[in-house]
Each structure stands twice: as structure tokens, then as C-alpha cells.
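Visitor: I am new to this structure and would like a close look at a single part of it. Could you pick one, stay with it for a while, and then show me what lies elsewhere?

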Amino acid sequence: MKKRNWILLAGALGIVAVAAFATRSSWMGSNASAQGPQRPRTVSVEIAKAERKPVPVDVDANGVVTPISSVALKSRLETTIVAVHFQDGAKVNEGDLLFTLDSRQIDAQIEQAEGTLAKDQAQLEGAQRDLRRYTDLVAKGATTQVNLDNARTQSDTLTATIKADQAVLDNYKVQKSYTLIRAPFSGRISAANVKVGNFVRPADTQSLAVINQMAPVYVTFAVPQRVLVDLRESMARNGARVIATIPGRQSSEEGKVAMVENAVDAATGMITVRGVMENGNETLWPGTLVSTKLIIRTEESVVVPTIAVQRSQSGNFVFVVKDGAAKVQPVKVDRTFQGFSVISEGLSGDESIVTDGQLLLSDGTRVEPRARKAGA
């Protein structure tokens with residue numbers, strides 16, 4: 001009898017449980033209705049604007065700094081160094097005295113030539129007096145024509161001798177000027193290769209010192225032949241510019257294109273370009289390797305941060321945010337510039353572009369903007 005009661009009790013409890021499950025919506029009340037339908041997923045992303053602005057068309061290359069003028073100073077006489085008038089590596093100006101050479105031998109030769117010239121001038125004065133005297137005597141019939149002709153010949157001979165004497169003297173004075181070696185232009189001078197007392201001569205292979213012009217200077221580099229036509233058109237409008245930067249430094253020098261080589265290197269397909277930089281602060285040093293940027297022209301373009309551009313098997317695309325949803329927009333990237341991509345097709349400017357969080361997106365995903373990360 002007791003066993004039967006237990007069976008009836010278990011059956012009653014089962015019926016109550018089934019009834020409770022079936023009517024759960026009524027006794028759960030407002031809890032169930034508060035949840036309502038499930039909302040679609042929303043992704044937090046960073047957003048930037050596509051901009052239309054002037055962007056330079058440029059070409060990057062490696063270049064080398066070369067001086068516009070460079071001279072190796074050498075002696076034109078066989079003599080000794082008397083004085084050196086500069087500090088090694090100093091900046092010199094045009095006309096500055098750099099070396100003084102021993103001039104005693106030339107000074108003696110100049111005095112000798114001056115003495116010879118004075119003697120011949122005195123003889124010429126005597127010959128001219130004789131010429132005038134014989135001219136008067138011939139007019140009076142007191143002497144022969146032969147004597148007059150001889151006097152004229154002597155005067156002409158001495159006149160020619162004086163010209164030769166003057167030429168010899170001028171030559172010695174030119175030789176004397178070689179004993180004072182001056183800077184032919186402003187620039188930086190190297191260390192002196194000779195000291196006071198050293199014997200020098202024109203046949204020496206080593207120079208006394210070298211002067212390099214520092215301002216302005218050339219920057220020489222090579223660019224692909226495909227930019228040659230655009231470059232020449234820009235040069236005709238004086239629009240081509242060159243920016244040279246020493247690797248590892250923030251400062252740079254800007255100049256203009258001075259020359260394009262007259263032939264393309266057939267082996268490499270590159271053409272040499274030379275820019276001239278003012279270099280007033282001597283930032284660029286001759287022989288320095290620099291990073292160069294050749295700016296051919298500037299044109300209006302649509303740009304977006306490069307990190308916004310995604311790649312797929314079908315090409316490049318960006319996520320454009322419109323009405324709170326991310327849409328896939330195919331784009332064509334023309335080039336990159338300082339962290340930005342220049343878009344030639346697909347955007348017109350002023351669109352909102354996703355720059356971070358793209359991995360969680362697909363076409364149509366709901367998004368909400370978030371603040372940009374510090375330092376981003």
C-alpha cells in the first residue's frame with residue numbers, strides 16, 4: 001500500500017513539472033519580455049576622413065653631394081714654402097692669401113730686367129737725338145742721307161729692344177705673382193700637404209691643398225627613364241624641385257633641378273639628374289650620401305591613411321562608413337606619400353573611412369566610432 005502511494009506522488013510531481021514548463025512565460029512575467037529580440041552585433045572602430053588636397057608627384061632616390069667647383073692648388077715655380085696662412089679645414093674667401101713662396105730669385109731677375117730696360121731707354125733717347133740732328137743736317141746739305149738712314153735704323157732697333165725688355169720684365173712680374181697663392185673662390189680648404197721649408201715644383205703630383213666650394217653644391221642621383229618626359233615638362237615651367245636629406249637627420253636642403261644627363265643608361269634604364277642646393281648652413285658636405293626626393297609636380301588627389309587600405313584577391317578596398325554600417329568600397333591606389341595612399345579611383349573625398357578594426361568587419365556590419373589611440 002505504501003509503495004503505491006509513492007508511485008502516485010511521483011506521478012503527481014511529474015505532471016506539475018510539465019505544467020510549470022508549459023506555462024513559464026506567464027509566471028516569469030516582465031523578465032522575459034524585458035529581453036526582447038536580440039540586437040545585431042556592433043563593432044567599435046577608428047574612423048578618418050578621405051581628403052582631397054594637393055599632393056606632390058615625387059620620386060625617391062639615393063644621391064651624392066658633389067662640389068660645383070673644386071681646385072687642387074699647385075706651385076707653378078720651383079722654390080720653397082715661406083709661409084702657410086690658413087688653418088687646416090678652415091673656411092676661406094675668394095682672394096685670401098694661402099701660401100707664400102720664396103721669391104728672392106725672381107726679385108733679382110726683376111731688378112736685372114728693370115736695369116736692362118733703363119739702359120736701353122737711355123740709348124733710345126740718344127738715338128732719337130742723333131736722328132733729329134741728322135735730319136736737320138741733311139736739310140742743310142751738311143751730311144749725307146746714309147748717316148740719316150743709319151740714325152733712323154738705330155732708333156727703330158732700340159725701340160724694338162725696349163719692347164722686348166718690357167716683355168721680359170712683365171714675365172718676371174707674372175712669375176713673381178705665382179709666389180703668392182690665393183683662393184680662387186670661397187669654400188673649405190683641406191689640410192695643407194706641405195709645411196714651411198718644403199721644396200715644391202710644378203711636376204709634383206701631390207697638391208699643396210684642395211679647396212671645395214660649399215655653397216651652393218650639387219646633388220647627383222639617378223631616376224627611372226619613365227619620369228623623364230614629365231620631368232622635362234616640369235623643368236620648362238621651373239616646377240621641378242629636389243629635397244636632399246642626410247640619413248638619420250631631420251634637417252634637409254631644398255633646391256632645383258640644374259641638369260638632366262643627355263642620355264639614358266641603356267644597361268639600367270636610369271638617367272642621371274643633378275640638383276643645385278644653396279646649402280648656406282653647409283648641411284650637405286661633399287661626398288656625403290643623401291636621400292633625395294625629386295618633386296616633379298603637385299596635383300589635386302584623394303588621399304586616405306595607408307592603414308585604411310585592405311587587400312583581397314580581387315584588389316584593394318576600404319571600408320566606408322555610411323548610416324552606421326561599414327560598406328566595402330573597391331579602390332585603386334596610385335601611389336603612397338608620407339603614410340597616405342593616393343586613390344585614383346573609388347573615392348571622391350570626404351568619405352568616412354575605417355582605419356582600425358577592419359578584421360572584425362564584413363560588408364554591412366554595424367559600427368560605432370571610437371576615440372583614436374594615443375600616439376596613433
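**A helix and its partner**

Guide: Let us begin with helix α4, whose buried residues pack against α5. Please keep in mind that this is a predicted model. Helix α4 covers residues 104-140, which makes 37 residues. From its first C-alpha to its last, α4 reaches 55 Å, close to the 54 Å expected at 1.5 Å a residue.

Which residues of α4 are buried? They are Ile 106, Ile 110, Ala 113, Leu 117, Asp 120, Leu 124, Gly 126, Ala 127 and Leu 131. As you read along that list, a general point helps: an α-helix has 3.6 residues a turn, so residues three or four places apart point the same way. Just after α4 comes Gly 141, which takes a positive phi of about 75°.

Now cross over to the partner, helix α5, which spans residues 145-177 and contains Ser 155. Is Ser 155 buried or exposed? With a relative accessible area of 5%, Ser 155 counts as buried, because the cut-off for that word is under 20%. Leaving out residues up to four places away in sequence, Ser 155 touches Leu 124, Ala 127, Gln 128 and Leu 131. Leu 124, Ala 127 and Leu 131 also appear among the buried residues of α4.

With the helices in view, let us turn to the strands. Four of them form an open sheet in the order β3-β10-β8-β5, with antiparallel pairing. Strands β3 (70-73) and β5 stand at the edges with a single partner strand each, so one side of each is left without a neighbour in the sheet. For β5, two antiparallel bridges link it with strand β8 (residues 187-189). Here Val 92 stands opposite Gly 187 of β8.

Next, look for ring pairs: a search of the whole structure finds two aromatic pairs. One joins Phe 86 and Phe 99 edge-to-face, with 5.3 Å centre to centre and 85° between the planes. Phe 86 sits in the loop between β4 (79-84) and β5 (91-92), while Phe 99 belongs to strand β6 (residues 97-101), so the pair ties together parts that are 13 residues apart in sequence. Both rings belong to buried residues: Phe 86 has a relative accessible area of 11%, and Phe 99 has 0%. The other pair, Phe 317 and Phe 319, is edge-to-face too, at 5.5 Å centre to centre and 85° between the planes. Phe 317 is buried at 15% relative accessible area, and Phe 319 is buried at 4%.

Rings also meet charges here. The charged end of Arg 274 sits over the ring of Tyr 218, 4.5 Å from its centre. Lys 53 lies over the face of Phe 340, at 4.7 Å from the ring centre.

Finally, let us visit the nonpolar cores. The largest has 22 residues, and those with the most contacts inside it are Val 219, Phe 221, Val 223, Leu 284 and Leu 294. Elements that give two or more residues to this core include β2 (51-67), α6 (228-236) and β15 (289-305). Strand β11 supplies the largest share, four residues. Beyond its neighbours within four places in sequence, Leu 284 is in contact with residues including Val 65, Met 214, Val 219, Ala 244 and Val 290. A second, separate core of 17 residues includes Ile 81, Ile 189, Val 194 and Ala 209.

Key: Residues are numbered from 1 along each chain as its sequence is written. This is a predicted model: local features need pLDDT of at least 70, side-chain atom pairs count only at pLDDT 80 or more; totals for chains, interfaces and linings use all residues. Side-chain values use heavy atoms; hydrogens and water are left out. Buried means under 20% relative accessible area, exposed over 50%, partly exposed in between (1.4 Å probe, protein chains only). Contact means heavy atoms within 4.5 Å. Rings of Phe, Tyr and Trp (its six-membered ring) pair if their centres lie within 6.5 Å; planes under 30 degrees apart count as stacked, over 60 as edge-to-face and the rest as tilted. A charge sits over a ring if NZ of Lys or CZ of Arg is within 6 Å of the ring centre and within 35 degrees of the ring normal. Two strands pair if DSSP finds at least two bridges between them. A nonpolar core is a set of buried Ala, Val, Leu, Ile, Met, Phe, Trp, Tyr and Cys residues joined through side-chain atoms within 4.5 Å. The expected span of a helix is 1.5 Å times one less than its number of residues.
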